[in-house]
Structures are given as structure tokens and as C-alpha cells.
Amino acid sequence: MIETGGVIAVAVMVMNVGTYGFQLVAARLVGLDQYGSIARLLAIQLVLSVLQLGLQATAARRIAANPDHLPEVEHNILALGWRASWALTLVMLAASPILVSAQHLNSIYPALLVAIGALPMNVMGAQAGILQGERRWAELSLVYLAAGVPRLVLGVIALAIRPTEGAALAAVAVGWVIPCVVGWYVLRRGRNSRPARTDRPQLREIGTEVAHGALALLAFFALSNIDIVMSSHILGKHGSGLYAGGLILTKAVLFMPQFVSIVAFPAMSTTARRRTVLLRSLMLVGLVGVICVAGALLLTDVAMIFVGGEKKYGAIHPDLWQFAVLGTLLAALQLLIYSVLARQSRRATLLLWVAVLVVAVVGWWHVTSLTGLLALMIVTDAVLVAVLVGLSLWTMREDDQATEAAAAPVA
């Protein structure tokens with residue numbers, strides 16, 4: 001388990017460093033106004049990735065639960081992944097003019113690139129879920145590495161040539177193609193044969209599960225990105241750019257313990273171990289978060305270098321540790337969502353959407369400053385984490401009691 005966690009941790013860390021490094025390069029090479037637009041488009045793309053994560057979670061859970069039907073499950077997951085990804089891409093292409101107007105973009109090309117990048121991004125989710133369910137950690141690590149390193153390399157080249165929104169999103173779109181190709185290659189090597197036909201009833205069943213998972217993840221990503229999307233309205237272009245700079249640290253703290261969810265997810269699907277796994281995973285996520293917050297407090301000048309530099313982003317210097325707190329809460333919340341998906345519970349999704357509604361209403365009409373927006377996000381996420389921890393432990397206790405009662409001998 002330690003070796004597995006280490007392999008995935010390194011791969012995820014490199015992937016997230018690539019993602020973080022790309023944002024850092026963009027923050028330094030483009031102006032505040034354009035970086036704010038790039039950050040908002042990346043936030044929208046992150047929301048679109050709920051399909052990717054829904055496919056991955058469903059594939060991993062089904063393959064882990066049904067290892068004897070691996071070829072059929074794999075074939076249907078991939079078939080569904082391609083169909084759903086094409087559908088989402090076509091919808092986003094049609095909605096590109098609306099995105100241009102809503103996000104005050106200078107041209108339609110960045111919006112089109114967001115739509116195009118959604119296709120390989122979401123297909124990769126189906127591929128990664130199959131590898132995760134089979135516990136093929138080395139191959140999964142290759143996919144994660146391919147998702148991070150090329151984005152940084154392509155981003156540096158593209159932005160050095162042309163520091164614009166379009167160049168940044170072009171690098172991201174091409175960057176998603178590479179892990180998709182790697183996923184196709186490693187899955188092709190691992191199979192001698194595939195079923196000739198798609199099982200339509202199973203396809204509909206998988207699609208329903210993916211939809212429920214994607215809805216929960218959509219709520220999470222809506223909550224974790226609604227602040228940057230609203231920031232242009234609340235803070236203006238300049239303030240939105242400053243806030244986006246602080247969120248670089250937030251996303252770094254969110255991504256850092258991501259390997260915990262990946263490795264723990266199959267175990268959280270097992271009734272006998274999921275309580276222990278969840279509590280230990282939360283402790284590990286919390287420990288990483290405390291270290292990050294302490295670093296932001298004690299080494300603020302160093303941390304400022306990683307969010308774009310004191311010259312451009314000096315105004316957020318006093319608030320930097322709070323961005324780290326927000327990232328810690330989001331990491332804990334993400335783990336809790338995966339725990340919910342692992343046990344196929346759907347009650348928590350409503351709570352997430354209620355939190356999104358609260359942030360939207362309060363933020364749109366009552367928040368007027370950067371610190372106010374940051375405080376709103378921290379308080380909302382903290383309350384939600386506390387509620388979901390209590391709800392998860394209570395639900396697990398009920399399930400354990402039901403299992404014990406069913407296993408008890410009849411007098």
C-alpha cells in the first residue's frame with residue numbers, strides 16, 4: 001500500500017506541478033486582465049471535467065466490484081466515454097458565443113478551444129477509471145504524468161511566442177490529447193480481445209451512475225470555482241486578476257493531497273473498512289493542509305513568488321494564508337465527495353447545491369471586496385465539511401448496524 005501510494009503520489013504531484021506551473025507561467029507572462037480571463041476559462045473547463053471524474057469513479061468502482069466481467073465493463077465504459085465526450089464538446093461549441101459575452105473575452109477562439117479540449121479530457125477519465133479499477137498503478141501514473149508535463153512545456157512555448165488567452169487555451173487543449181493517447185496505448189497493450197458488441201442495457205445503467213456521480217462532482221466544482229467566475233462582477237477585471245493569483249495557491253493546496261482520494265477510493269467502497277479509511281484519509285489531508293497554511297504564514301514572501309510575484313500581486317500578501325486555508329477545506333471536501341460516490345449515497349449532493357446557491361446569492365448582492373469574497377468561501381466550505389463528516393459517519397454507523405443485524409444468527 002505504501003509503495004502504491006508513493007507511485008501515485010509522485011505521478012499526481014508531477015501532474016499538479018505541471019498544472020500549477022502552467023498557471024504560474026501564465027500569471028507572469030500575461031497582464032492581470034488577460035490572466036483573469038484565462039483563470040475563469042480554466043475554471044469553466046474544470047467544471048466540464050465532472051464528466052471525466054464521473055466516468056473515472058464509475059469505471060473504477062464497477063471494475064473493482066466485478067473483476068470477472070472486466071472486458072465487458074471496459075468496452076461499455078469506453079463506448080459511453082466517447083459518446084458523452086462528443087456530446088459535451090458539441091454543446092460547448094454551440095455555447096461559445098454565450099461564453100464570450102459572459103466572460104468578456106476578446107475573441108471567440110479561447111471559448112472554442114475550451115470546447116475542443118473537453119473531448120480528450122473526458123475520454124481520458126474513462127481510461128483512467130479502468131486502470132484505477134484494475135489497480136494498474138504504473139500505467140495510471142503514466143497517464144497522470146502525460147496530463148501534467150506536456151501542458152507546462154506547451155504552455156511555456158505558446159505563451160513565450162504569443163502571451164494571449166488563445167495561446168494559453170491552445171496549449172491546454174493540445175495538452176489533453178497526449179494523456180488520451182497514452183491511455184489508449186496502455187489499454188490496447190493490456191487486452192487481447194474485446195467484446196464485439198456494446199451491451200445497451202449495461203450502457204444505460206453505467207450512464208445513470210455516471211450522471212449521478214457527475215452531478216455530485218459538478219456541485220463540488222461549481223462550489224470550488226464559483227468565486228473566480230463571480231469575481232469579475234464583484235471585483236472588476238483588476239481585482240479578479242488579483243483574486244485569481246491567490247487561487248493559484250488554493251489550487252496547489254487542493255491538488256497536493258489528491259493522491260489520497262485516488263488510492264483510498266476502492267477501499268472506501270468496502271463496508272468493513274470505509275470508516276477507518278475515511279478518517280485516516282481526512283487526517284492525512286488535514287496534515288498536508290496545516291503544513292501548507294503554516295508555510296504561507298511563515299514564508300509569505302516565498303509563497304508570493306509562486307503566485308506571480310510581489311510586483312503584480314502584492315495586494316493579496318496579507319491574505320495569502322487564507323487562500324491556503326481555502327485550499328485545505330476544498331481538499332477535505334473533495335475526499336468526502338469521493339467517499340459519498342464510493343458508497344453510492346446521493347443525499348450529500350443536495351447539500352452541495354445548497355452551498356452553491358448560498359455563495360451565489362450572498363456573493364452577488366452582499367460582497368464587495370476581495371477579503372469579503374474569500375471569507376464567504378472559507379465559512380461556507382468549513383460548515384459544509386463539518387456537516388458532511390457528521391453525515392458520513394452517521395450513515396456508515398447505520399450501514400454497519402444493518403450489516404451486523406443481517407449477519408447475526410437466527411435464534
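Here are some notes on this predicted model, taken point by point.

1. **Overall make-up.** The secondary structure of this chain amounts to 16 helices and 0 strands. Of its 411 residues, 57% count as buried. The accessible surface comes to about 17,500 Å², and carbon and sulfur atoms account for 68% of that area. If you look at contacts between residues at least 6 apart in sequence, 85% of them join residues at least 24 apart.

2. **H9 against H14.** A good place to begin is helix H9, which spans residues 200–255, and its neighbour H14, residues 320–342. Their axes come within 7 Å and cross at roughly 165°. With a crossing angle over 145°, H9 is therefore roughly antiparallel to H14. The crossing of H9 past H14 is left-handed. Sorted by class, the residues in this contact are 19 nonpolar, 7 polar and 1 charged.

3. **H9 against H15.** How do the axes of H9 and H15 cross? They come within 8 Å of each other, at an angle of roughly 5°. That angle is under 35°, so H9 is roughly parallel to H15. On the H9 side, the residues that meet H15 include Leu215, Phe220, Ile226, Met230, His233 and Ile234. On the H15 side, Thr349, Trp353, Val356, Gly363 and Trp364 are among them. The residues of this contact divide into 17 nonpolar, 3 polar and no charged.

4. **Glycine 245.** Staying on H9, you will find glycine 245 in this helix. Glycine 245 is buried, with a relative accessible area of 0%. Its C-alpha atom and that of leucine 320 are separated by 9.8 Å, while the two residues are 75 apart along the chain.

5. **Valine 367.** This residue sits in the loop between helix H15 (347–366) and helix H16 (370–407). Is valine 367 buried or exposed? Its relative accessibility is 12%, so valine 367 counts as buried. Leaving aside residues up to four places away in sequence, valine 367 touches Ile234 and Leu376, among others. The pairing with isoleucine 234 is worth a look: the two are 133 residues apart in sequence, yet their C-alpha atoms are 7.0 Å apart in space. Isoleucine 234 also appears among the H9 residues that meet H15.

6. **H4 against H6.** Turning to another helix pair, H4 (residues 70–94) and H6 (residues 109–133) pack at an angle of about 165°, with axes 8 Å apart. H4 and H6 are therefore roughly antiparallel to each other. Here the crossing of H4 past H6 is right-handed. From H4, the contact includes Glu74, Ile77, Gly81, Trp82, Trp86, Met92 and Leu93. From H6, contributors include Leu112, Ile116, Leu119, Asn122, Val123, Gln127 and Ile130. By class, the contact has 15 nonpolar, 5 polar and 1 charged residues.

7. **Arginine 62.** You can find this arginine in helix H3, residues 50–65. Its relative accessibility is 10%, so arginine 62 counts as buried. Which residues does arginine 62 touch, not counting residues up to four places away in sequence? They are Val73, Glu205, Ile206 and Glu209. Glu205, Ile206 and Glu209 fall within the residue range of H9, 200–255, and Val73 falls within that of H4, 70–94.

8. **Arginine 135.** This second arginine lies in the loop between H6 and helix H7 (137–161). Its phi is near 60°, a positive value in a residue other than glycine. At 44% relative accessibility, arginine 135 counts as partly exposed. You may like to view its backbone alongside the end of H6, whose residues run 109–133.

9. **H10.** Lastly, how many of the 11 residues of helix H10, residues 258–268, are buried? The count is 10, so H10 is largely enclosed by the rest of the structure. The buried residues are Gln258, Val260, Ser261, Ile262, Val263, Ala264, Phe265, Pro266, Ala267 and Met268.

Technical notes
Residues numbered from 1 in each chain as written. Predicted model: local features only at pLDDT ≥ 70, side-chain atom pairs only at ≥ 80, totals over all residues. Heavy atoms only, no water. Axes fitted to C-alpha atoms, helices over the stretch in contact; angles between N-to-C directions. Helix = DSSP H or I, 4+ residues; strand = E, 2+ residues; numbered from the N terminus. Parallel < 35°, antiparallel > 145°, perpendicular 65-115°, else oblique. Left-handed = near helix turned anticlockwise from the far one by under 90°. Nonpolar A, V, L, I, M, F, W, Y, C, P; charged D, E, K, R; others polar. Buried < 20%, exposed > 50% of the residue type's maximum accessible area, 1.4 Å probe, protein only. Contact = heavy atoms within 4.5 Å. Areas by Shrake-Rupley, 256 points an atom, 1.4 Å probe, with all protein chains shown as cover.
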